[in-house]
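This briefing covers one protein chain, beginning with a feature of its surface and ending with a point of backbone geometry.

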Amino acid sequence: MKDKVISVLKGHKLLLVFLAAALIKQILVIGLPIYVMQGSPCDDELMKEWAFSISKLDWTGDFNSYTFMKEPGFAILLAVCYRLHLPYIFTLTLGYSISCMVFSSALKNIFSSKKSVIIIYIALLFHPISYCSTVLQRVYRNGLGVVLTLCVFGGLLHLYFTIGRERMRCPLLWSAFTGVSLGYLWITKSDTVWVLPFTGTVCLVMFFFLIAKRRELKILPRLLCLVFPW
């Protein structure tokens, strides 16, 4: 039994390191205060008001000049935190840790050494931007934007490395994950349109790769995976 446990732990060494570092990250942010910038009817205060409305299933709130001013993605997250009684900083930090895992784990296909992947993961996880008051502590969409951007890039890399190698289920899951992440990023910060050229380029490369492999693979279902990120 002991040998079996040790074997399982060795087989998931990278995941264990990821989880241990993420736990340390969560401990470090305990007790950090949050703040809503006062006098910001188009930013922090607007998100807070929308979150209260959404939590009551009043999706649009009062119809006024601010109704279509910003995207609702961040307000939806706040509403979920409010309804489930989840601490804001805990939730955002957890999301950031998961996004770092998604992005870093994709790099296993580039680096032969797991140490390189771990170093990149640690550098991302404890990057100063993740402690910046305007990203972590301010109740605004900046922090969620960082989380979703990492998910998009990580999901695309996973899709790129699995679409011609793994069984259909794996690239399909990463395709759906990337599509959801990109869609949610779009309704959170529409000024992240700069992500689209990268997405289009990677999908185009995968398209030509699959065309070149058409005699070895059933490429039609795999080509459908390139649709979801859009």
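In this predicted model, Leu23, Ile27 and Ile30 form a nonpolar patch on the surface, with an area of about 340 Å². One of its members, Ile30, lies in the loop that links helix 2 (13-28) to helix 3 (44-55).

**Surface patch**
- Isoleucine 30 has a relative accessibility of 66%, and because the cut-off for exposed is over 50%, the residue counts as exposed.
- Nonpolar side chains are joined into a patch when they lie within 5 Å and each residue has over 30% relative accessible area; the patch here consists of Leu23, Ile27 and Ile30.

**Fold and contacts**
- The chain has 11 helices and zero strands.
- Read from the N terminus, the order of elements is α-α-α-α-α-α-α-α-α-α-α.
- Contacts between residues at least 6 apart in sequence join residues at least 24 apart in 75% of cases.

**Burial and accessible surface**
- The chain has 230 residues, and 43% of them count as buried, that is, under 20% relative accessible area.
- Its accessible surface is about 13300 Å², and carbon and sulfur atoms account for 69% of that area.

**Backbone at histidine 85**
- Histidine 85 sits in the loop between helix 4 (73-84) and helix 5 (88-106).
- Its phi is near 60°, which is positive although the residue is not glycine.
- Most residues other than glycine have a negative phi.
- With a relative accessible area of 70%, histidine 85 is exposed.

Notes
Residues numbered from 1 in each chain as written. Predicted model: local features only at pLDDT ≥ 70, side-chain atom pairs only at ≥ 80, totals over all residues. Heavy atoms only, no water. Patch = residues over 30% accessible without salt bridge, like charges linked within 9 Å, V, L, I, M, F, W, Y side chains within 5 Å. Areas by Shrake-Rupley, 256 points an atom, 1.4 Å probe, with all protein chains shown as cover. Salt bridge = Lys/Arg side-chain N within 4 Å of Asp/Glu carboxyl O. Helix = DSSP H or I, 4+ residues; strand = E, 2+ residues; numbered from the N terminus. Buried < 20%, exposed > 50% of the residue type's maximum accessible area, 1.4 Å probe, protein only. Contact = heavy atoms within 4.5 Å.
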